[in-house]
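User: I'm new to this structure. Could you take a close look at the largest pocket for me, and at what lines it?

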Amino acid sequence: MYKAAIITSSDKGYAGEREDLSGPVVEEIVLAHGFEVTERIILPDERDILAEKMREYSQQGVDLILTTGGTGFSKRDITPEATADVVERRADNLTFAMIANSLKYTPKAMLSRGIAGICGDTLIVNLPGSPKAVRENLEYAIDAIMHGIKILKGDDGECAEPIHH
């Protein structure tokens, strides 16, 4: 069983001024796909705090870190920058695919700045902040995310099919 940690980036959520509606959606989806959720936390929109928590989870052996929130255009939206501080290898096509899928629902999807990448043996994926967008993105990408983690961990082979002559 793979381990997942969920980080909601929200100043208001951290201060108790807004209920976290997206974190529970992330948890519901990953639990339904066989992950063990080791932690779900709300943190303020602070680059250093977010990056340090991602590093900590990676060092603890978490296989997947999913963030929600902090991916927009607000001056306080810094989750992608915090993630970039941590990842060693980018996984941009995962993000591109989620945005392409989201564009079916709203042209505003092109305003999402989330990124994805690998830190050690941990995949980190930024998701939008709204519960609806979280569901659309994560349900679309979860199978590919799972496959990527299996390859990263050495639990699955190559993606290519063998050539039959």
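Analyst: Here is a walk through the largest pocket, with a short look at the second largest one after it.

This is a predicted model, where local features need pLDDT of at least 70 and side-chain atom pairs count only at pLDDT 80 or more, while totals for chains, interfaces and linings use all residues. Residues are numbered from 1 along each chain as its sequence is written, and side-chain values use heavy atoms, with hydrogens and water left out.

A pocket here, on a 1 Å grid over the protein atoms alone, is an open set of points where a 1.4 Å probe fits, with protein on both sides within 12 Å along at least five of seven lines; lining residues have an atom within 4 Å of a point. Volume is the space filled by probe spheres set on the points, which are joined across faces, edges and corners.

The largest pocket holds about 770 Å³ of space. Its lining has 41 residues, and Gly69, Gly70, Pro128, Gly129 and Ser130 lie nearest the centre. Helices (DSSP H or I, at least four residues) and strands (E, at least two) are numbered from the N terminus. β1 (3–9), α1 (11–14), α5 (92–102), β6 (122–127) and α6 (131–152) each bring at least two residues to this lining, with α6 giving the most, five.

By class, the lining of the largest pocket has ten nonpolar, 20 polar and eleven charged residues; Ala, Val, Leu, Ile, Met, Phe, Trp, Tyr, Cys and Pro count as nonpolar, Asp, Glu, Lys and Arg as charged, and the others, Gly among them, as polar.

Now the second largest pocket: its volume is about 240 Å³. α6 gives the most to that lining too, with six residues, and the classes there are nine nonpolar, one polar and one charged.
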